[in-house]
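Please open the structure in a viewer and keep the selection tool at hand. The stops below proceed from the whole chain to individual residues and then to the enclosed and open spaces.

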Amino acid sequence: MQHPENDSKFAGLTVNSGVAQPPVVNPYLQNRPRRKPLPEASELVEGILRGDMTMLSRAVTLIESTAPDHYARAQEVIERCLPHSGHSRRIGITGVPGAGKSTSIDVFGLHVLRDPAAKLAVLAIDPSSERTKGSILGDKTRMEKLALEPRAFIRPSPSAGSLGGVARKTRETIVLCEAAGFNNIFVETVGVGQSETAVHSMVDFFLLIQLAGTGDELQGIKRGIMEMADGIVINKADGDNINRAQLARAQFSSALQLFPPAPSGWKPEVMCYSGYYELGIPEVWDMIDRYFDFVNKNGYFERKRRNQARYWMYETIEEQLKAHFYNDPDIAATLARFDDDVQNNRRSSFTAARDVLDRYFASKK
């Protein structure tokens, strides 16, 4: 390597050593311990069965991971926990945004934990941004009292734009929580929308939280959601809003009379309460207790659990087929090429879809 600065014509010049490198902005980053690798399946299962919250959390992280090498280990954990599951009340909680779902879960959970033998797991599906794919995962901050309870486990999960995928992972998380000894499971949805059908297919009781005084009460919610509900509760029935809440209760009760009978034979009830002021909470829970007594006596509880297991078998098959299709390298290359053709009107959407499917099926013969 030549160094022109050493030439004799530059004899009167000197070369400085340069500016000293500044220290790192945060020197503690250099000493930060590396994250421990996820334990083996046997270690996770042993920890879950003895009620170790840390092991349960790490197992849920394993289930939610999209890494291919984590999938087999997660399935092994689930299979080994499955015989220890099924002994809980699974309650889905939904409602329009701002209805007070998190606040209600906070007080409902405290009411459940009044029983010394009760343990509660709250699984909250948090909406993800379509632009950044990020989630706030702030449900736990709105359950201030419940978060301090040692017999409560609160776990928010991002929907990540795939309600089907997060619903399957939520159902698998239910299995782990039950194996860890949690005999009450709350599943909070992202709000009124597509997630309700998925959550309804994994819970025993579906609770719809509504508000009064927001206009036409029956206009703000889809009929399909009301048909799935086993109970409807009007929140914020306090102060000047009590009369409006009672009116909304009458409207919902009248609307329910027009719906066909539920498969369980149960007639959904409509009640008023206040989550913030903790009014009417025992009455709401008495309704839920009556429902479980009713479906246990007529055999619907076990029949619904069996149908749900069957439903999730077919859902898993569809999800795996879809993943196999899109992860095929040849299909990925073909889709990229056809995508450009479709956007530039060189090929119709339907022809492109048919051709790529024909190519996929031909490769499997």
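Among contacts between residues at least 6 apart in sequence, 75% join residues at least 24 apart. This holds for a predicted model, and the tour should be read accordingly. With the whole chain displayed and coloured by secondary structure, 12 helices and seven strands can be picked out. Of the 365 residues in the chain, 42% are buried.

**First stop: helices H4 and H9**

Select residues 101–112, which form helix H4, together with residues 281–297, which form helix H9. The axes of the two helices lie 10 Å apart and meet at an angle of about 70°. H4 is therefore roughly perpendicular to H9. To see the contact itself, show the side chains of Val107, Phe108, His111 and Val112 on H4. Their counterparts on H9 are Ile281, Pro282, Val284 and Trp285. In terms of residue class, seven of the residues in this contact are nonpolar and one is polar, while none is charged.

**Second stop: Gly109**

Remain on helix H4 and select Gly109, which is found there. Is Gly109 buried or exposed? Its relative accessible area is 0%, under the 20% limit, so Gly109 counts as buried. Beyond residues up to four places away in sequence, Gly109 touches Leu120, Leu146 and Phe186. Next, draw a distance between the C-alpha atoms of Gly109 and Asn184: the value is 9.1 Å, although the two residues stand 75 apart in sequence.

**Third stop: Thr334**

Move to helix H11, residues 329–343, and select Thr334 within it. Thr334 has a relative accessibility of 1% and is therefore buried, the limit again being 20%. Which residues does Thr334 contact, once neighbours within four places in sequence are set aside? They are Val356 and Arg359.

**Fourth stop: the cavity**

The next selection concerns enclosed space. Rolling a probe the size of a water molecule over the atoms shows where empty space is left. The structure holds one cavity of 30 Å³ or more, and the largest cavity contains about 40 Å³ of space. Select Glu64, Leu123, Arg155, Ser157, Lys169, Thr170 and Thr173 to display its lining. Strand S3 (152–158) and helix H5 each supply at least two of these residues. Which element gives the most to this lining? H5 does, with three residues. By class, the lining of the largest cavity comprises one nonpolar, three polar and three charged residues.

**Fifth stop: the second largest pocket**

Keep helix H5 (163–179) displayed, and add helix H3 (68–81) and helix H10 (300–326): these are the elements that give two or more residues to the lining of the second largest pocket. The volume of this pocket is about 430 Å³. Its lining has 17 residues. To centre the view, select Leu82, Arg171, Val175, Ala309 and Trp312, the lining residues nearest the centre of the pocket. Colouring the lining by class should give six nonpolar, four polar and seven charged residues.

**Views to save**

Two selections are worth keeping for later reference. One is the contact of H4 with H9, with its seven nonpolar residues and one polar residue. The other is helix H5, which contributes to the lining of the largest cavity and to that of the second largest pocket.

Key. Residues numbered from 1 in each chain as written. Predicted model: local features only at pLDDT ≥ 70, side-chain atom pairs only at ≥ 80, totals over all residues. Heavy atoms only, no water. Axes fitted to C-alpha atoms, helices over the stretch in contact; angles between N-to-C directions. Helix = DSSP H or I, 4+ residues; strand = E, 2+ residues; numbered from the N terminus. Parallel < 35°, antiparallel > 145°, perpendicular 65-115°, else oblique. Contact = heavy atoms within 4.5 Å. Nonpolar A, V, L, I, M, F, W, Y, C, P; charged D, E, K, R; others polar. 1 Å grid on protein atoms, 1.4 Å probe; cavity = no way out; pocket = protein on both sides within 12 Å on 5 of 7 lines; lining within 4 Å. Points joined across faces, edges and corners; volume = space filled by probe spheres on them. Buried < 20%, exposed > 50% of the residue type's maximum accessible area, 1.4 Å probe, protein only.
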